[in-house]
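Me: I have a structure open on my screen and would like to walk through it with you. Could we take it a topic at a time?

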Amino acid sequence: MGIGRRHFLGLGGVVLGGAKPALAASVNAASLKAEGRVARLSLTLEGPLSWEWRALAEPPRLLLSLPGVTWRGPARLGSAGPVAIALFDDEAKELRLNLARPALPRRLPGPAGRLLVEIAPASSEAFAAAARRDMPLAQGSAPALPLVVIDPGHGGHDPGAIGRRGTEEKRLTLAAAQALRRKLQEGGKCRVAMTRDRDEFISLADRVAFARTRDAALLISLHADSAPGAKGASVYTLAETASDPLSEALAQRENNADLAGGLTLPSVPPEVQAILLSLMRQETLGDSARFARVAVRELTRAVDVLPKPRREAGFIVLKAPEVPSVLVEMGFLSDPGDEAALRKPEHRALIAASLARAVETWLPSAPSAAPG
């Protein structure tokens, strides 16, 4: 990402957005398995994690220190290879590997969000030398997985569109968002957050702020609107001038649901604001467009789509200048066929699976997903 959108926001004391909540480090799963003469330790992480290894003698053991971590894996990992038993001490925040014979750790390459370590047999002399060291054998950190924010449209006193059978858009978007969250969590390639997980009203400005303050890698806003004659799914990215009359009408309808949207920029000269937004949005819009193309491809393979399903409009919820964002119209409740399909969990599951595949395809190329 070069200098980076978020780094650029802070240049000259200019900051867009509020303070960001601290991201807690946790180990959500842990396993220890034998692979020939060695043991393979695998930790599934959430949040940025720091770690260090030490060797101790009498009795021989290895300590993996994980300061501040929340451990959600099993407290006992059993035995494998040279490890007699592995136990997590929650008070000390250490994973203790009692050794059946001398062994030393070696980190293995692995995907983001995973710490892989090989515990391999070592000579008595090498282990003794490691145990005498005052410094850690090895130390490092693992970055957090990228965050995908799912935004179920409407909610609370705003039902959104209502179909002929009384289907409320706000309920469909929440159900579809929950299905998408499950698919992404199963894939394990990203963290997932939802702007709402119950029937409540969230302003458009707060939806944008939710993604921005959490350094989201991607925002996906889900909708099922109403438009005479329209049928099928479609994907929208931000543009000041809509790509067609339907897109313009849909954006106006969504934006009118909450007139308090928009971005609050810092108190700097207008020309500085314009330069900041232009530079950030140029990069962000490119990332949004790349995801939209992948999402349209995956949706086209699974469900009916609108003619020219890749469209542009000025949706407020897409206006975070540093967060790639798309709005997905899953279908139109004004169409009886779309309404009937969207009421079925299996149809929503097809949409969720398509979008999850799109996310997993797009993430490796996303600048904000790069390790660091």
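Me: What volume does the second largest cavity have?
Reply: Happy to start there. This is a predicted model, in which local features need pLDDT of at least 70, side-chain atom pairs count only at pLDDT 80 or more, and totals for chains, interfaces and linings use all residues. Residues are numbered from 1 along each chain as its sequence is written, and side-chain values use heavy atoms, with hydrogens and water left out. A cavity is a set of points on a 1 Å grid over the protein atoms alone where a 1.4 Å probe fits but cannot get out; with points joined across faces, edges and corners, and volume taken as the space filled by probe spheres set on the points, the second largest cavity comes to about 60 Å³.

Me: Which element gives the most residues to the lining of the second largest cavity?
Reply: Lining residues have an atom within 4 Å of a point, and eleven of them surround this cavity, with L238, T284, L285, L318 and A320 nearest its centre. Helices (H or I, at least four residues) and strands (E, at least two) are DSSP runs, numbered from the N terminus. Both β15 (233-238) and α6 supply at least two lining residues. The most, four residues, come from α6.

Me: S288 belongs to helix α6; is S288 buried or exposed?
Reply: S288 touches T237, P324, S325 and V326, leaving aside residues up to four places away in sequence, where contact means heavy atoms within 4.5 Å. Buried means under 20% relative accessible area, exposed over 50%, and partly exposed in between (1.4 Å probe, protein chains only). The relative accessible area of S288 is 3%, so S288 is buried.

Me: Which residue forms a salt bridge with D287?
Reply: A salt bridge is a side-chain nitrogen of Lys or Arg within 4 Å of a carboxyl oxygen of Asp or Glu. D287 and its partner are about one helical turn apart because they are three residues apart in helix α6. D287 is buried at 1% relative accessibility, whereas the partner is partly exposed at 37%. With 2.2 Å from N to O, that partner is R290.

Me: Which residues are linked with E298 in a network of salt bridges?
Reply: One pairing joins the side chains of E298 and R301, at 3.4 Å from N to O. E298 counts as buried at 5% relative accessibility, while R301 counts as exposed at 60%. The residues linked with E298 in the network are R297, R301 and R357.

Me: Which residues touch the most other members of the largest nonpolar core?
Reply: A nonpolar core is a set of buried Ala, Val, Leu, Ile, Met, Phe, Trp, Tyr and Cys residues joined through side-chain atoms within 4.5 Å. The largest such core has 41 residues, and the elements giving two or more residues to it include α6, β17 (325-329) and α8 (345-362). The members touching the most others are L184, I220, F291, V328 and V359.

Me: Which element supplies the largest share of the lining of the second largest pocket?
Reply: A pocket is an open set of grid points with protein on both sides within 12 Å along at least five of seven lines, and the second largest has a volume of about 480 Å³. Of its 22 lining residues, A112, L145, G188, K189 and C190 are closest to the centre. At least two residues each come from β2 (38-46), α3 (169-187) and β13 (191-194). The largest share, three residues, comes from β2.
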